[in-house]
Amino acid sequence: MCRWVAYSGTPVFLSELLLDPPRSLVAQSLECQKAKTLMNADGVGLAWYGDRKEPGLYREILPAWSDCNLVSLSRTLQSGLFFGHVRASTGTQVNRMNCHPFTHGRWSFMHNGQIGDYSQMRRGLEAMLPADLFAARAGTTDSELLFLLALAEGLETSPQIALERAIGRVEALARGMGLDPFIRASIAVSNGQDLWFLRYATDRFAPSLFVRENHQGKGIVIASEPLDDEAGWQPINPGVTQIERGQLSTRPFGLLKSVQASKAA
């Protein structure tokens, strides 16, 4: 399973989360504590927002701990909103197009988890994409496909509803194929101003996710697992968490999935 971290607040150097803490994201790429997969060595990626609407993007197939370009970027780039991700593949190829985060216009997206029976369902899920978003698909992962499905379901208008509808489509297709829906997901998505975080599973094993507000007096950090042993890290309950104007709010997830599933059946 992958590990990721996101930040929103006063601009900081990316290294303050990716490199410097005792259990930084790079440290977690070598040895994480709250996942079955010890290493996350199948690539690394960054998405960050600056003076332009569209995010900057860096992705590489090297393990994070051996990527000298990642170190250089992290120590020189400052941002008030950024994502970092280290990948452990669940079966798709190790290449740059499959590394997270994924971007489209002003949106950025990253994911930890998986869609069960993805190889069987992939063709049906891709067929749900409108032509423009299908053409935007550059990789082969279930994560990128979830992102594009959410865009198709109105991410620009309501990220919470779009994420629910996208996952509802996956579950409805699984049932229609005679499969038991199996999804585990921790997702981060941003438009460059606000952030939304989803923690969800069809069973009771949603991927871990933690928040630390007022991190070093500068902002809010969301991470797959705490970056250090200091006080203030709190587990995020399953649901959709939004950071808007520096304030956190969470609501239950799945209110629309049954409606979407019945429409897709």
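In this predicted model, the side chains of Asp-20 and Arg-75 meet in a salt bridge, with 3.2 Å from N to O. Asp-20 lies in the loop between helix 1 (15-18) and helix 2 (25-30), while Arg-75 belongs to helix 3, so the pair ties together parts that are 55 residues apart in sequence. Both partners have an intermediate degree of cover: Asp-20 is partly exposed, with a relative accessible area of 45%, and Arg-75 is likewise partly exposed, at 46%. If the neighbours within four places in sequence are left aside, Asp-20 is in contact with Ser-15 and Arg-75. A further relation across the chain appears in the backbone, where the C-alpha atoms of Asp-20 and Leu-227 are separated by 9.3 Å although these residues are 207 residues apart along the chain.

Side chains of opposite charge can pair when their charged atoms come close. In this structure the count comes to 14 salt bridges, and a few of them show how such pairs are placed. Arg-175 forms a salt bridge with Glu-171, the closest N and O atoms being 4.0 Å apart. These two residues both lie in helix 7 (residues 159-176), where they are 4 residues apart, about one turn of the helix. Their surroundings can be described separately, since Arg-175 counts as partly exposed at 44% relative accessibility, whereas Glu-171 is buried, with a relative accessible area of 6%.

Another salt bridge is formed by Glu-230 with Arg-212, and here the closest N and O atoms are 2.9 Å apart. This pair links distant parts of the chain, for Glu-230 sits in the loop between strand 10 and strand 11 (234-235) and Arg-212 in strand 9 (residues 210-215), with their positions 18 residues apart in the numbering. Glu-230 is partly exposed, with a relative accessible area of 48%, while Arg-212 is buried, with a relative accessible area of 9%. Elsewhere, salt bridges that share partners join Arg-122, Glu-126, Arg-137 and Glu-144 into one network.

The strand that carries Arg-212 leads on to the sheet. Strands of a sheet pair through backbone hydrogen bonds, either parallel or antiparallel. Here 7 strands form an open sheet in the order 3-2-4-1-10-9-11, and the pairing is antiparallel. Strand 3 and strand 11 stand at the edges, each with a single partner strand, so one side of each is left without a neighbour in the sheet.

Within that order, strand 1 (residues 3-13) pairs with strand 4 (residues 78-86) in the antiparallel sense over 8 bridges, and one position that helps to locate this pairing is Phe-13, which stands opposite Gln-78 in strand 4. Strand 1 also pairs with strand 10 (residues 219-223), again in the antiparallel sense, over 5 bridges, and there Ser-8 stands opposite Ile-220. Towards the edge formed by strand 11, the antiparallel pairing of strand 9 and strand 11 runs over 2 bridges, with Val-211 opposite Gln-234 in strand 11.

The cysteines can be considered next. A search of the whole structure finds 0 disulfides. Cys-2 is in no disulfide, and the nearest cysteine sulfur, that of Cys-99, is 9.4 Å away, which can be set against the requirement that the two sulfur atoms of a disulfide lie within 2.5 Å. Cys-68 is in no disulfide either, and for this residue the nearest cysteine sulfur, again that of Cys-99, is 16 Å away. As for cover by the protein, Cys-2 counts as buried at 5% relative accessibility, whereas Cys-68 counts as exposed at 59% relative accessibility.

The last feature lies on the surface, where Leu-30, Leu-38, Met-39 and Trp-65 make a nonpolar patch of about 370 Å². Of these residues, Trp-65 has its place in the loop between strand 3 (56-60) and helix 3 (68-76), and at 37% relative accessibility Trp-65 counts as partly exposed. The helix that follows this loop, helix 3, is also the element that holds Arg-75, the partner of Asp-20 in the salt bridge described at the start.

How values were computed: Residues are numbered from 1 along each chain as its sequence is written. This is a predicted model: local features need pLDDT of at least 70, side-chain atom pairs count only at pLDDT 80 or more; totals for chains, interfaces and linings use all residues. Side-chain values use heavy atoms; hydrogens and water are left out. Two strands pair if DSSP finds at least two bridges between them. Patches are made of residues with over 30% relative accessible area and no salt bridge: like charges are joined within 9 Å, nonpolar side chains (Val, Leu, Ile, Met, Phe, Trp, Tyr) within 5 Å. Accessible areas come from the Shrake-Rupley method with a 1.4 Å probe; for residues, only the protein chains shown count as cover. Buried means under 20% relative accessible area, exposed over 50%, partly exposed in between (1.4 Å probe, protein chains only). Contact means heavy atoms within 4.5 Å.
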